[in-house]
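Work through the exercises below with the model open. Try each task before reading its solution.

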Amino acid sequence: MATIKIVYWTGTGNTETMAEAIAEGVKAGGMEPEVVNVSDTTASECADLPYIMLGCPAMGNEELEESEFAPFFEELLPSLAHKKVALFGSYSWAVGEWMDTWTQTCLDNDVDVFDGHGLIAFDDPEDEDLAKCRDLGKRFAEAVK
C-alpha cells in the first residue's frame, strides 16, 4: 500500500490532533499514513516524495513556527514545485492569516496546493474540525492514488 507522509509541528497538541485525524482519513482513502513530527525528519528525506501533507499552527505574528518548522519548510520548498501538497494547522487568535500567507508562498513557487488553500481549525479542534480533517485525508489519498 502506498504511503502519504504527514509532517507537522505542534506546541499545544492541537495540530498533532489534526494530523492524527487526517491520518484516519488517509487510511479510509486507501493509503497508509506516516505521521511524523518535523523534529523526526529532514527536508532531504522528504524532497523526493511525490506528494506530502504539512501541518503547522500559527505562531507569533501569524507565521510558521520559526525554530523547527519554518527552516524545514524553506529547505523543502524548492523540491515541492509541481507536487500535490496539503496544508493544515490550528490557530488561537486573529483570523488565520498565516495560512493564507503560507498558501500563497506555495502557489508562488508552483506548488499544487490541494483544494487551493490549507485547512485551519481554531484552537483545540472540535468534532466538526476533526471531521474536516478526516475528509481532507481521504480526499487527498484518493487524489494521489
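**Exercise 1. Check the length of helix 1 (residues 14–28) against its expected span.**

Solution. Helices (H or I, at least four residues) and strands (E, at least two) are DSSP runs, numbered from the N terminus. The expected span is 1.5 Å times one less than the number of residues. Helix 1 has 15 residues, so it should span 21 Å. Its end C-alpha atoms are 22 Å apart, which agrees. Glycine 30 follows helix 1 and has a positive phi, near 95 degrees.

This is a predicted model: local features need pLDDT of at least 70, side-chain atom pairs count only at pLDDT 80 or more, and totals for chains, interfaces and linings use all residues. Residues are numbered from 1 along each chain as its sequence is written, and side-chain values use heavy atoms, with hydrogens and water left out.

**Exercise 2. Find the buried residues of helix 1 and what covers them.**

Solution. Buried means under 20% relative accessible area, exposed over 50%, partly exposed in between (1.4 Å probe, protein chains only). In helix 1, the buried residues include Met18, Ile22 and Val26. Asn14 and Thr15 are buried too. Now look for contacts (heavy atoms within 4.5 Å). The cover includes strand 1 (3–8), strand 2 (32–37) and strand 3 (51–55). Strand 4 (84–91), strand 6 (119–122) and helix 5 (127–144) also take part.

**Exercise 3. Count the disulfides.**

Solution. A disulfide is a pair of cysteine sulfur atoms within 2.5 Å. The count comes to 0. Cysteine 106 is in no disulfide: the nearest cysteine sulfur, that of cysteine 56, is 12 Å away. Cysteine 133 is in none either, with the sulfur of cysteine 56 nearest at 15 Å. Cysteine 133 counts as buried, at 0% relative accessibility.

**Exercise 4. How many aromatic pairs are there?**

Solution. Rings of Phe, Tyr and Trp (its six-membered ring) pair if their centres lie within 6.5 Å; planes under 30 degrees apart count as stacked, over 60 as edge-to-face and the rest as tilted. The rule gives 7 pairs. Take tyrosine 91 and phenylalanine 122: 5.3 Å between centres, 75 degrees between planes, edge-to-face. Tyrosine 91 sits in strand 4 and phenylalanine 122 in strand 6, 31 residues apart. Tyrosine 91 is buried at 15% relative accessibility, whereas phenylalanine 122 is partly exposed at 45%.

Next, take phenylalanine 114 and phenylalanine 140. Their ring centres are 5.2 Å apart and their planes at 85 degrees, so this pair is edge-to-face. Phenylalanine 114 lies in the loop between strand 5 (112–113) and strand 6, and phenylalanine 140 in helix 5, so the pair ties together parts 26 residues apart in sequence. Both phenylalanine 114 and phenylalanine 140 are buried.
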